[in-house]
Structures are given as structure tokens and as C-alpha cells.
Amino acid sequence: MAISRRMLLAAGAAAGLMPRTGLAATTVLRGEPVMAEILPELLTPMLGFNGTTPGPEIRVRQGEALDVRFENRTGEPSAIHWHGIRLENAMDGVPGLTQDAVAHGDSFEYSFVAPDAGTFWYHSHHRSWEQVAKGLYGPLIVEETNPPIVDHDITVMIDDWRVEQDGSLAGGFGNMHDFAHAGRLGNQGEALASRSEVRLGDRVRLRMINAATARTFPMEIAGIEGRIVALDGMPLRDPEEIADIVLASAQRVDVIADVTGDVMFNFPTADGPLELSRIKAVVENAFPLGGEIGPLPPPVLARPSDVSDRELSLRMQGGAMGGRHAGEDIWSFNGVSGMQQEPWATFRSGETVRIALVNETAFAHNIHLHGHHFYEISADGSLGALRDTTLINAGESRAIVCVFDNPGNWLLHCHTLGHQASGMKTWVEVKPPPV
Ligand SMILES: [Cu+2]
């Protein structure tokens, strides 16, 4: 399904600001039905938190404890996953693996320390292909102890909605045709920024989060000069030129840059760029910060050993045009569809594991590991970026290296949520360290 230019332009004109309620570290998230304006002057029944979708932005300092009471008033069971946070297993929010789903009317206390500074997000992990598609998510920002100095720290949540002409969300969330292809793609793109105006010469930090259930967004940003400083919340050792930004669903990109004009978030298409949103540049900053844009403070993670303790391969199989596989659902990993009683692999604490992710299908998959970050292995064999979600295009493969040092049961799945729902998920077990 193509995104329509007409609808996108209409959205650009009507796009509201992202709610930025700035919740404290101790807070209540109330999941509930909300109304949002996706098409101009039409109200869309959705799900959200504390009255809005996206839900309020949660901000904590690195190393600070976060205590959130999730009150479920959505009318259906749910649970919250804290995407990208290396937290303790019991707080990971995965019904059936780390907790029971929270019934409507019940609540659950999430309490954990965020060990890494960066851009993260929270979202439903129960029937996520439907609940995330209805808006049950929000940004989670973990601030550095000494954050880089910028004039504005701006969160940009990117999504695409599948809406009917009357503004309601299209039904058919469990559509098998979507599941067997690229997932539920929307017809209404949006990039909701937490700020509508900046000054020429301002230094900004842009935290982009792709909350779509399926769509990968290539993103061209006009009106800035600067660097990409982090991927999936993890700082780059060497900040990179702002080029070829691609956000698969669930991925994040942090940019620090100086404003040279209206900041435009453009989605490239064959017919030219579609403007998803614009932050207007008004007046001039008489005292621009300027200066070099250096790396963010490096994350503190266990270093992988030079030689992997184990080497595994995870073959993605199935889907439309994908040929036969041994799994019992649309998709499989290594011929096995969905969650099994036994983990796909069990690791001892601190084990360095190399996993070849091999995409044997006709569609891209963005593979997400819970509770850890891993290194993408570059073409020359060196350690590349640290990520929690990696995009493997159709017919391609990529190796990752992970130090499994967070004990517990962790989901490993495609974050194209319809693929996850129809077989492309498994789990790994990490043993606790010996006493
Ligand atoms: Cu997939």
C-alpha cells in the first residue's frame, strides 16, 4: 500500500505537536482509549496513555530508578515493554515470558534502573500488531549525566497509520495477507515533533523513533548541518555524516546539528520527497553555540571476546513468495514457528555469541533482541554499531555479536509486528552468573 501524497500534505498542514508531558521518574501510565487527529478535523478512536497518543514522554537520568504503575483501562489485556532498556528480566513486559498480561482494570508496577543514556521507547507487547497499531506507545528518554549542550532537545515520533476516509483506523489488524507480506503498512505518514519552531543557528538534538508496526522509513532531513551521534540509543564512537538515514520499525536515530533553514523530515518516494513534518526556523540565534559535534559519552557494556564462544545461525524463512519451510505458521526461524517450550539457545552469563542472521525470504526483517544490545558486524569483519534492532533486507544476511550478560528469558523476534504474530519469534535463556 502506497502512502498518498494528498493525505500526507493534508497531515502536514494539520499535524499537531507531540504531547510532551515530561513525566517524572515516579509516575502512572494509564492505558486507555483516546481520540487523536490523524486526518484534519476528524477524530480517530485510538489507544494511548494518559489521554494522548503517543503517550507522554518519560525522561529519567542515566542510572536513575524508574517506577511506573501501569494502570490498564484499555478494555483488553496489555503489558508495557521498555524497548532497548537493558533492564532486569521481570520488568521486560512480555506476557507469557516475563509476566502475565495485565487484565483490564488491573495494574502492574514496573520498577527498574536505566543503565544507558539514550533514546528509547515504550510500547504494548500484548497483541502488539494491533495495540501498537492503535497507538499504545510513547517515548522514553534517558538523559546523560552531562548531556551535550544544545538549544533544543526534540523528540520526533514517526509512524504511518492506515485510516479510512472518515478518519477511523482501518480494521483487519490480524490480516493474513499483511502478515505474509510486509506487514500492516499505513496510508498516512507522520513525524510528530515535540517542538514546532527553532531559530536559525540553533543547535538541536533530534531524537527520531520509528513506532510503526511495519514500515521502514528512509528519512532525508533538510535544514540542518551536523552529525548522527547515536543509533538505537547507543552512541557512535565516531559521529557520522547525516546521509542515508534509514529507520526500520522500532529503530532510533539521534542527530545533533545546527539549523540552517526550516527543518524538514522528508520521506523519499519515486515521485519526490514527501514532507512528513516541518519545524519552522524563525528569527536568528544571535549567539549560536557552534563548535565541533563530538561523540556522546561511550556506553559501558561488556566487551565481546576476540573469538566468539559460540557461533549460531538464525535463518528467516517463509512468507509470501518465500517457498517451503518446516514451521507451522507463515514465518519461521530455522523451520520453527513461534514460541516453543524450550529456548532457541541457552547461554551462560557473559558468553560472547556470534549469530549469522540469514534472510531467506522475499521481505525485509528487523530483528530485535530484548534485554541486550549487540554489535552489527561490518563487511570487513569489524565491530560496527551497537543496536537492539537490526534490519536485514530480503535475501541478505548479517552477523551480529552479543555478550549475553543479562540473566533471564529474552524474546528474539522480528519487529515487523505482523511477522512476529505469525511465527517469526523465539526466545533465548541467559543463565545467572555462578555464585
Ligand atoms: Cu519480519
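## Two domains and their contact

In this predicted model, the chain splits into domain 1, covering 5-284, and domain 2, covering 310-430. Measure from C-alpha centre to C-alpha centre and the two domains sit 23 Å apart. Their contact draws on 30 residues from domain 1 and 31 residues from domain 2.

Which elements give two or more residues to the side of domain 1 that touches domain 2? They are helix H2 (128-131), helix H3 (176-180) and strand S14 (234-241). H3 gives the most, with three residues. By residue type, this side of domain 1 breaks down into 14 nonpolar, eleven polar and five charged.

## The nonpolar core

The largest nonpolar core has 110 residues, and the members that touch the most others are Val-156, Ile-158 and Met-208. Strand S13 (residues 217-231) is the top contributor here, giving eight residues. Both domains are represented: domain 1 (5-284) and domain 2 (310-430) each supply at least three residues to this core. As a bit of background, nonpolar side chains in soluble globular proteins tend to be buried together.

Val-156 is a handy place to look around. Skip its neighbours within four places in sequence, and Val-156 is in contact with Ala-191, Leu-192 and Ala-193, with Leu-206, Arg-207 and Met-208, and with Phe-265. Of these, Met-208 has already come up as one of the core residues touching the most other members.

## Strands around S16

Phe-265, a contact of Val-156, also turns up in the pairing of S13 with S16, as the bridge partner of Ile-221. S13 and S16 run antiparallel and share ten bridges.

S16 (residues 252-267) has further pairings. Strand S12 (residues 203-210) runs antiparallel to S16, with seven bridges between them; Ile-209 has Arg-252 in S16 as its bridge partner. Strand S17 (residues 274-284) is also antiparallel to S16, through five bridges, and here Val-263 is matched with Ile-279. Six residues lie between the strands in the hairpin of S16 and S17, and Gly-272 in that hairpin has a positive phi near 105 degrees.

## A four-stranded open sheet

Another part of the model is an open sheet of four strands with mixed pairing, in the order S2-S1-S4-S6. Strands S2 (44-49) and S6 (107-113) are the edges; each has a single partner strand, so one side of each has no neighbour in the sheet. From one strand to the next, the twist averages 20 degrees.

What is the sense of the pairing between S1 and S4? Strand S1 (residues 26-36) and strand S4 (residues 65-72) are parallel, and six bridges connect them. One of the matched pairs is Gly-31 with Asn-72 in S4.

## Strands in domain 2

Domain 2 spans 310-430. Strand S18 (residues 310-318) pairs in parallel with strand S21 (residues 351-359) over seven bridges, with Ser-313 opposite Ala-356 in S21. S18 also pairs with strand S19 (residues 331-333), this time antiparallel and over three bridges; there, Gln-317 faces Ser-332 in S19.

There's also an open sheet of five strands, ordered S20-S28-S27-S22-S25, again with mixed pairing. Its edges are strand S20 (345-347) and strand S25 (389-392), each with a single partner strand, so one side of each lacks a neighbour in the sheet. The average twist from one strand to the next is 20 degrees. Inside this order, strand S22 (residues 365-369) and strand S27 (residues 408-414) run antiparallel and are joined by three bridges. Ile-367 has Cys-414 in S27 as its bridge partner.

## Around Met-424

Met-424 sits in the loop between helix H4 (417-421) and strand S28 (425-430). Buried or exposed, with its C-beta neighbours counted inside 10 Å? Met-424 counts as buried, because it has 30 of them, and the threshold for that label is 20 or more.

Leaving out neighbours within four places in sequence, the contacts of Met-424 are Met-316, Trp-331, Phe-333, His-365, His-413, Cys-414 and His-419. One of them, Cys-414, is the bridge partner of Ile-367 mentioned above. Met-424 and Ile-330 are 94 residues apart in sequence, yet their C-alpha atoms are 8.3 Å apart in space.

Conventions: Residues numbered from 1 in each chain as written. Predicted model: local features only at pLDDT ≥ 70, side-chain atom pairs only at ≥ 80, totals over all residues. Pairing = 2+ DSSP bridges. Axes fitted to C-alpha atoms, helices over the stretch in contact; angles between N-to-C directions. Core = buried A, V, L, I, M, F, W, Y, C linked by C-beta atoms within 7 Å. Buried ≥ 20, exposed ≤ 12 C-beta atoms within 10 Å, placed from the backbone. Domains from an automatic or database assignment. Contact = placed C-beta atoms within 7 Å. Nonpolar A, V, L, I, M, F, W, Y, C, P; charged D, E, K, R; others polar.
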